[in-house]
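Got the viewer open? Let's take a walk through this one together, picking out one thing at a time.

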Amino acid sequence: MSKTPITVAYGDGIGPEIMQATLDILIAAGAQLAIEEIEIGEKVYLKGVSTGIADSAWESLRRTKVFLKAPITTPQGSGYKSLNVTTRKTLGLYSNVRPCVSYHPYVKSKHPVMDVVIIRENEEDLYAGIEHRQTSEVYQCLKIISRPGCEKIVRYAFEYAIANNRKKVTCFTKDNIMKMTDGLFHQVFDEIGAEYPTIEKEHWIVDIGAAKLADTPEIFDMIVMPNLYGDILSDVAAQITGSVGLAGSANIGDHCAMFEAIHGSAPRRAGQNLANPSGLLLGGVMMLNHIGQGNIASKVHNAWLKTMEDGVHTYDVFAEGVSTQKVGTKEFAQAVIARLGQKPTTLKTIDYPAESKRIKVEIKSRPRYHKDTIGVDVFLNWDGSSANELGDKVRLCSTDKLKLVVISNRGVKVYPDGMPETFCTDHWRCRFENPDSKPIMHTDIIELLSKVNEAGFDFIKTENLCLFEGKKGYTLAQGQ
Ligand code: NAD
């Protein structure tokens with residue numbers, strides 16, 4: 001078999017140790033890999049490359065299209081963007097697949113029966129990273145959810161279920177509050193789910209869903225979620241199997257794929273031969289399946305299961321009475337290598353297909369809806385405290401086409417007829433609508449803004465109010 005080119009980054013913190021352990025096991029098992037090594041992360045940031053990755057590293061990634069990546073440290077503070085997020089988005093890795101499995105009774109867990117695959121949307125949501133400080137008091141982060149983004153991840157989840165013989169897909173959103181963004185995710189889940197009659201489907205509001213996941217994970221099979229909920233809840237799910245160090249992750253796109261552990265660089269554990277390499281190793285197993293080396297993937301996975309069964313454990317899963325031997329990173333790798341060719345006795349043996357079974361997702365159509373703009377929200381930075389005073393002044397800015405309808409502060413209506421108890425910041429949204437709900441032009445908005453400016457107000461942004469095929473593309477203020 002010819003060697004498959006892959007790009008490898010050793011990362012930061014515990015990264016170099018767990019990557020060495022992982023590669024030692026994969027190569028001992030007979031994986032055919034032509035490794036291109038790149039440097040990313042902290043060292044690159046500190047050289048002044050604010051993205052944490054040099055141009056030459058991108059070239060390697062675009063050439064091999066397969067990336068095995070150890071965790072990296074994102075320096076805290078402004079000026080540094082998370083390289084993980086940048087890599088996922090730049091390479092179009094829209095689907096983050098995170099299997100979280102209990103290994104009872106060999107790894108101590110409160111949840112002996114747990115085998116949940118979390119499918120996390122990887123490119124959208126609050127991770128667009130579009131943030132602004134708009135006033136002295138108010139900061140904003142945009143939550144971006146697109147229909148093609150929802151369609152891709154939801155369809156991927158159902159196709160994954162079919163390909164991997166899973167029975168149920170659950171969706172978590174918060175669409176009782178975020179009716180448009182999370183509402184779209186839920187709606188697409190219902191639409192696409194209807195095309196998969198053999199798969200059981202359910203939706204939970206994320207807060208109670210998360211509580212159920214932490215309490216009774218055995219009731220879940222697969223969960224598909226927008227980015228932020230998936231990020232948080234896959235850590236929870238991995239941790240309750242026994243350790244966050246046990247779960248691997250695949251980031252899949254149309255062109256490239258990246259494989260990693262779900263945990264971070266755990267800097268406090270670095271350089272001490274302590275870390276558990278299992279998460280990255282299982283990420284490596286997913287990579288072997290992706291590149292069509294399923295036989296080697298099965299060999300590695302079974303040897304790893306046997307090692308766990310034999311009680312050879314790193315500190316994070318070691319428990320008196322359950323484990324037999326507490327080992328470091330290197331010794332753990334040697335224990336897995338010694339068991340290559342063996343199968344677990346009690347835990348389920350793994351038998352991956354030899355050929356790669358990649359899931360391809362097509363967006364069926366991208367219809368364009370007729371859009372009419374019928375109003376505008378003008379956001380003001382205003383230091384006064386009386387909503388009535390502001391409303392009486394802003395009302396005078398109304399034009400023939402655009403009349404003031406409501407003012408809200410942090411989303412809740414404060415004018416007209418606000419409540420004195422409502423706390424107000426210096427960030428006010430003034431909603432102007434066409435009294436006849438007739439379409440307006442950009443020039444009508446410019447005329448309004450000129451009057452707002454002449455009246456001495458500091459406007460910080462506008463949002464157009466649109467109808468799509470006659471249906472409102474915005475929500476009402478709370479209390480409106
Ligand atoms: P973390 O996941 O690195 O570590 C949290 C704790 O979990 C550690 O202190 C350790 O007790 C335990 N742990 C994690 N991995 C382990 C392993 N393999 N073996 C044993 N114990 C393990 O989370 P953090 O401390 O919040 O983040 C540290 C850095 O990692 C940050 O800079 C963060 O931005 C980065 N990070 C990177 C990735 C990634 O590269 N994909 C993901 C998450 C966080």
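What follows is a series of stops, each with something to select and a note on what is there. Keep in mind that you are looking at a predicted model.

**Stop 1: the ligand**

Start by selecting the ligand and the residues around it. You should pick up 20 surrounding residues, and the closest are N84, G264, A266, N276 and Y315. If you colour that shell by residue type, you get 8 nonpolar, 7 polar and 5 charged residues.

Now zoom in on some individual contacts. On Y315, a polar side-chain atom sits 2.9 Å from a nitrogen atom of the ligand. K69 also reaches in with a polar side-chain atom, 3.2 Å from a ligand oxygen atom. T74 uses its backbone: an N or O atom there is 3.1 Å from an oxygen atom of the ligand. How much of the ligand's accessible area does the protein cover? Of the 820 Å² that the ligand has on its own, 70% is covered.

**Stop 2: strand β11**

Next, select residues 248–252, which make up strand β11. Is this strand buried or exposed? All 5 of its 5 residues are buried, so β11 is largely enclosed by the rest of the structure. Turn the strand around and check both faces: G248, A250 and I252 are on one side, S249 and N251 on the other, and every one of these is buried.

Keep β11 on screen and add its partners. Strand β4, residues 95–101, runs antiparallel to β11 and is joined to it by 3 bridges. Strand β12, residues 257–261, also pairs with β11 in the antiparallel sense, over 5 bridges. Click on A250 to see both pairings from one residue: its bridge partner in β4 is V97, and its partner in β12 is F259. To get from β11 to β12, follow the hairpin, which takes 4 residues.

While you are in β12, select A257. A257 counts as buried, at 2% relative accessibility. Then select G92 as well: it is 165 residues away from A257 along the chain, yet their C-alpha atoms are separated by 8.8 Å.

**Stop 3: helix α3**

Select residues 55–64 for helix α3, and colour A57, W58, S60, L61 and T64, its buried residues. Those residues cover an arc of only 160° around the axis, which puts them on the same side of α3. Then give a second colour to D55, S56, E59, R62 and R63, the exposed residues on the face turned away from the buried side.

**Stop 4: the sheet around β15**

Now go to residues 371–381, strand β15, where 9 of the 11 residues are buried. Which strands make up the sheet here, and in what order? Show the 6 strands of this open, antiparallel sheet and you can read them off as β17-β16-β18-β15-β19-β20. β17 and β20 stand at the edges with a single partner strand each, so one side of each has no neighbour in the sheet.

Back at β15, look at its two neighbours. With β19, residues 458–468, it pairs antiparallel over 10 bridges. Two places to click are F379, which stands opposite K461, and G375, whose bridge partner is L465. With β18, residues 427–433, the antiparallel pairing runs over 7 bridges. There, D377 has R431 as its bridge partner.

**Stop 5: some backbone oddities**

Most residues other than glycine have a negative phi, and most peptide bonds are trans. The next few selections go the other way.

Select H104 and P105: a cis peptide bond joins them, with omega about 0°. P105 is in the loop between β4 and β5. Then jump to the loop between β17 and β18, where you will find P416. The bond from Y415 to P416 is cis too, with omega near -10°. In that loop, also pick D417, which has a positive phi of about 60° although it is not a glycine. D417 counts as exposed, at 64% relative accessibility.

For a contrast, select D125 in the loop between β5 and β6. D125 has a positive phi as well, about 70°, but it is buried, with a relative accessible area of 0%.

**Last stop: T135**

Finish in the loop between β6 and β7, where T135 is found. T135 is buried, at 5% relative accessible area. Show its side chain, and you can trace a polar atom there to the backbone nitrogen of E137, 3.1 Å away.

Key: Residues are numbered from 1 along each chain as its sequence is written. This is a predicted model: local features need pLDDT of at least 70, side-chain atom pairs count only at pLDDT 80 or more; totals for chains, interfaces and linings use all residues. Side-chain values use heavy atoms; hydrogens and water are left out. Buried means under 20% relative accessible area, exposed over 50%, partly exposed in between (1.4 Å probe, protein chains only). Two strands pair if DSSP finds at least two bridges between them. A residue is near a molecule or strand if one of its heavy atoms lies within 4 Å of it. A polar contact is a pair of N or O atoms within 3.5 Å; within protein, one must be able to donate a hydrogen and the other to accept it, and residues adjacent in sequence count only if both atoms are side-chain atoms. Accessible areas come from the Shrake-Rupley method with a 1.4 Å probe; for residues, only the protein chains shown count as cover. Ala, Val, Leu, Ile, Met, Phe, Trp, Tyr, Cys and Pro count as nonpolar, Asp, Glu, Lys and Arg as charged, and the others, Gly among them, as polar. The arc is that of the directions from the helix axis to the C-beta atoms.
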